[in-house]
Amino acid sequence: MEVLEINNGEIIQKGLEDFKNIQQHMLLAKEENATKTYASLKRDYLTLKALLNSMGVNLIEIDYIKE
């Protein structure tokens, strides 16, 4: 079994990209009143937010949803 080595910088970069994308999709879902889609995205959003916060990333400036 191959073990992939990923450093914190790569995890943070990928997390930030995913965080940005999820927020964009959440805003669209809210605009379209897609409540089930929004709820599903919100779970991913909260998970990523917790991960990034635990890694010391300050999300204040880039968190547009603020939930």
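Tutor: A helix here is a DSSP run of H or I that holds at least four residues, and the helices are numbered from the N terminus. With that in hand, we can say that Lys 49 lies in helix α2, and please keep in mind that this is a predicted model.

Student: Okay, so how many helices and strands does the protein chain have?

Tutor: There are 2 helices and 0 strands in the protein chain. The helix α1 covers 8-31 and α2 covers 35-54, with a loop between them.

Student: And what does the C-alpha trace span along its principal axes?

Tutor: The span of the C-alpha trace is about 40 × 30 × 15 Å along those axes, and buried residues make up 24% of the 67 residues in the chain.

Student: Back to Lys 49, then. Is it buried or exposed?

Tutor: Lys 49 counts as buried, because its relative accessibility is 18% and the cut-off for buried is under 20%.

Student: Which residues does Lys 49 touch?

Tutor: Leaving aside residues up to four places away in sequence, Lys 49 touches Phe 19, Leu 59, Asp 63, Lys 66 and Glu 67. One of these, Phe 19, is also among the buried residues of α1, while Lys 66 is placed in the segment after α2.

Student: Which other residues of α2 are buried?

Tutor: Besides Lys 49, the buried residues of α2 are Tyr 38, Leu 41, Tyr 45, Leu 48 and Leu 52. The buried residues cover an arc of only 105 degrees around the axis, so they lie on the same side of α2.

Student: What covers that buried side?

Tutor: The cover over the buried residues of α2 includes α1. Seen from the other helix, the buried residues of α1 pack against α2, and those residues are Gly 15, Phe 19, Ile 22, Gln 23, Met 26 and Ala 29.

Student: Which exposed residues sit on the face of α2 turned away from its buried side?

Tutor: That face carries Lys 36, Arg 43, Thr 47 and Ser 54, which are exposed. Taking Thr 47 as an example, its relative accessibility is 55%, so it counts as exposed, and its C-alpha is 18 Å from that of Gly 9, although the two residues are 38 apart in sequence. Thr 37 also lies in helix α2, but with 43% relative accessibility it counts as partly exposed, and its C-alpha is separated by 19 Å from that of Glu 17.

Student: Switching topic: how far apart are the end C-alpha atoms of α2, and what should its residues span?

Tutor: The end C-alpha atoms of α2 are 28 Å apart, and its 20 residues should span 28 Å at 1.5 Å a residue, which agrees. For α1, which has 24 residues, the reach from the first C-alpha to the last is 34 Å, close to the expected 34 Å.

Student: What about the loop, where is Asn 33 and what is its phi?

Tutor: Asn 33 is in the loop between α1 and α2, and its phi is near 60 degrees, which is positive in a residue other than glycine. In general, most residues other than glycine have a negative phi. Asn 33 is also exposed, with a relative accessible area of 61%. Ala 34 lies in this loop too, but Ala 34 is partly exposed, at 22%.

Student: Where else is phi positive?

Tutor: Among the other places are Gly 56, which follows α2 and has a phi near 85 degrees, and Lys 66, with a phi near 55 degrees. At 56% relative accessibility, Lys 66 counts as exposed, whereas Lys 49, which touches Lys 66, counts as buried.

Student: Last one, how far apart are the mean positions of the positive and negative charges?

Tutor: The 8 positive and 11 negative charges of the protein chain have mean positions that are 10 Å apart. As for the surface as a whole, the chain exposes about 5200 Å², and carbon and sulfur atoms supply 55% of that area.

Key
Residues are numbered from 1 along each chain as its sequence is written. This is a predicted model: local features need pLDDT of at least 70, side-chain atom pairs count only at pLDDT 80 or more; totals for chains, interfaces and linings use all residues. Side-chain values use heavy atoms; hydrogens and water are left out. Buried means under 20% relative accessible area, exposed over 50%, partly exposed in between (1.4 Å probe, protein chains only). Accessible areas come from the Shrake-Rupley method with a 1.4 Å probe; for residues, only the protein chains shown count as cover. Lys and Arg count as positive and Asp and Glu as negative; His and the chain ends are not counted. The place of a charge is taken as NZ of Lys, CZ of Arg, CG of Asp or CD of Glu. The expected span of a helix is 1.5 Å times one less than its number of residues. The arc is that of the directions from the helix axis to the C-beta atoms. Contact means heavy atoms within 4.5 Å.
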